[in-house]
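Student: Could you take a close look at one helix pair with me? I'd like to see how the two helices pack, and then how that part sits beside the rest of the fold.

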Amino acid sequence: MLIDPSRGVSLAGAASPPLEFAIGELTDTLSAMSGRPVPRVQKDAAVTVGRRSAFGAAGLPRADGFDGYAISAGPDGVRIAGDNERGCIYGVYDLLERLGCLWLAPDQDPLDPPHIPKSDRLDVPEGAWAVASPVRWRVCNASSWFFEMDTDIAIRQMDWGMKLRYNTMGWQAENRTPLLAQYQILKDSGVLRELTRRGMMLHGPAHSFDHFLPNELFEEHPEWFGMRDGARVKQVFGGAQFCWSNPDARRAFVDNAEAFALAVPELSVFCTLGFDGGPCCQCPRCAASEPADLVMGLMAELAERLAVSRPGLPVETSGGYNPVHEPPQNARIHKDVRVVWAHWGRWHGEGYSDASYAWKDNLELWRDAVDGRLTLTQYYTDNFAEPWVAAPYSRAIVSDRKWVLENGVDGWYMLMWPKDYWWNHSLNAMLGGRCLYDVTLDPYELTKQIARRYFGPGAGELLAEYWDEWGRNVELAYAVRDGSKPADRETLARQRRELIEPAVAAASADPVFAHRAGKVEKLHWMAERLTRVHAMREEIEALKSAGQPCEAELQQAREYTGGVLAFLHELADLEQGLVDRKEIPTFMRAKIVDWLEEVSDSVRTSP
Ligand SMILES: [Zn+2]
């Protein structure tokens, strides 16, 4: 049925900031689509938005779960009825998506704006449907919410995160500025105002034990700090976690953590973890216990305190992630304590439901220890431990989601890192958000729909096929980084010929579609260059093992790898979210170039 946007938009029932936000998103987007201002009216509107209670029950289906909504579309107009305020906003995005809109990536690239089709014929399917998520906390840890925040980009990423159906922003504080000073920046810059306008929640401040037991106390109380190789050390690189078995240290920690929780009303999950990368204290008392017993004892003391001063605020700390790998042996985990479980550097060719999944035993032990109060950290949106050219991780998403549903898991946390890969992993951010909100979505189908819309007619179908191939063969993404075989290189060459080049040609008439297809093409070039390095290495190693000279080949490879690094810098300089500049001279260089030095040394020293 056709919507006539000139009939306007109306609000049913009482207003609130998130409902006003929902109405604002709807009127702004419909106005942009139809090319005419869409009025706000009192009745007989084209679209009416409100809480379910404002509509009465008649004719509205219901889905069980969190942040749900129902939409009914009939001759009288469209009704969007949210089960809560966030549900109203999600319902608006559902309607706009059915009208052709798409927000694939955060609005950080002026040449790649949100996809808002221009049309005055707005066609919605007639009928009624309802959606809700089985997962209560769906945390978007967008890349600009880590450490020093760029607050303008942080707001753009939050706006996008809400559109992807996340309901909570993850905040990873930095460790040099006092926490409350960082909180003040979030407040003064409008980040928190934008968060509450959307009805979103705040999760964090993540790695932060060094804020609640600051290193400044070291001179006065060295015994509160961790022991490493016989000496007390601070919570810094090369140091250790503080002494979790020291009762005075724990009390000081809980005092400071409680003061923080009381000062930050937006905090909805108090997630606090040890400083990143630090081993446990090795003092005799700490060494006698499983790290999880100690840290869960600390969290229980914090939860008991907050049960009085800030009831209802869950406390969360890490499990599976170093230095707390195994679940507690003796301590029961407090009923208000959650565990954020993380398998850093996992392989996305399998998921939690697969019998072959590498960490299944550890995951299931933690599930049992915490009675299902798990937040699962996902690295689908990570390009640090995961491939540099990301594949759609649909295989892992299907298997992980099955496990989430079968085990009643209520927390889902998407870690997006490093910062300047934000476009590279945006498709996985969308799949991971949308598919865990509406669990009936098939990530393979959704990927194709996204590609058709994002790249436009012509290129869309070709790049839908391209993404689909990568999604079904995630091994290719890992091979591009870690070492490819000739068959992988043939696949890349075929994809360039049959999919990438025709797509780029088909998109060339439209500047926005051309720009978008160009991003895929650039990442594909990157994949081909990286795998060409593997081919050179194979050739040189074959010559060496045959006792043949290979100096000329080595020289050629030195020049070629130098060119690959220069190309990566060019990609980073485009600022299109393809590559993080800081990674190139460090981790990327190590993989691309270091083997050459090893081979050269062995060539020089061989008789
Ligand atoms: Zn200790």
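**The H7 and H9 packing**

Tutor: Helix H7 crosses helix H9 in a right-handed sense. Bear in mind that we're looking at a predicted model. H7 covers residues 247–263 and H9 covers residues 291–309; their axes sit 10 Å apart and meet at an angle of about 40 degrees. That angle is why H7 counts as oblique to H9. On the H7 side, the contact is made by Arg250, Phe253, Val254, Ala257, Glu258, Ala261 and Leu262. H9 answers with Leu298, Glu301, Leu302, Arg305, Leu306 and Ser309. Sort these contact residues by character and you get 8 nonpolar, 4 charged and 1 polar.

Now pick out one residue of H7, Ala249. Is Ala249 buried or exposed? With 21 other C-beta atoms within 10 Å, Ala249 is buried, because 20 or more is what it takes. Leaving aside residues up to four places away in sequence, Ala249 touches Leu213, Trp224, Phe242 and Cys243. Glu174 is another matter: 75 residues separate Glu174 from Ala249 along the chain, and their C-alpha atoms are 22 Å apart.

Next, the strands. There's a closed barrel of 8 strands, in the order S8-S9-S10-S13-S14-S15-S16-S17, and the pairing is parallel. From one strand to the next, the twist averages 25 degrees. For a look at one pairing inside the barrel, take strand S9 (residues 168–170) and strand S10 (residues 201–207): they run parallel and are joined by 3 bridges. Met169 stands opposite Leu202 of S10.

The model also has an open sheet, made of 5 strands in the order S2-S3-S5-S4-S7, with mixed pairing. Its edges are S2 (9–12) and S7 (127–133), each of which pairs on one side only. Neighbouring strands in this sheet are turned by 15 degrees on average, ignoring direction. Within the sheet, S4 (residues 66–74) and S5 (residues 77–82) run antiparallel, with 6 bridges between them. Ala70 faces Ala81 of S5 across that pairing. This sheet has a helix on it too: H2 (residues 85–98) lies across S3 (47–51), S4, S5 and S7, running at about 45 degrees to S4.

So, back to your helix pair: a right-handed crossing, at about 40 degrees, with 8 nonpolar residues among those in the contact.

Conventions: Residues numbered from 1 in each chain as written. Predicted model: local features only at pLDDT ≥ 70, side-chain atom pairs only at ≥ 80, totals over all residues. Pairing = 2+ DSSP bridges. Helix = DSSP H or I, 4+ residues; strand = E, 2+ residues; numbered from the N terminus. Axes fitted to C-alpha atoms, helices over the stretch in contact; angles between N-to-C directions. Contact = placed C-beta atoms within 7 Å. Parallel < 35°, antiparallel > 145°, perpendicular 65-115°, else oblique. Left-handed = near helix turned anticlockwise from the far one by under 90°. Nonpolar A, V, L, I, M, F, W, Y, C, P; charged D, E, K, R; others polar. Buried ≥ 20, exposed ≤ 12 C-beta atoms within 10 Å, placed from the backbone.
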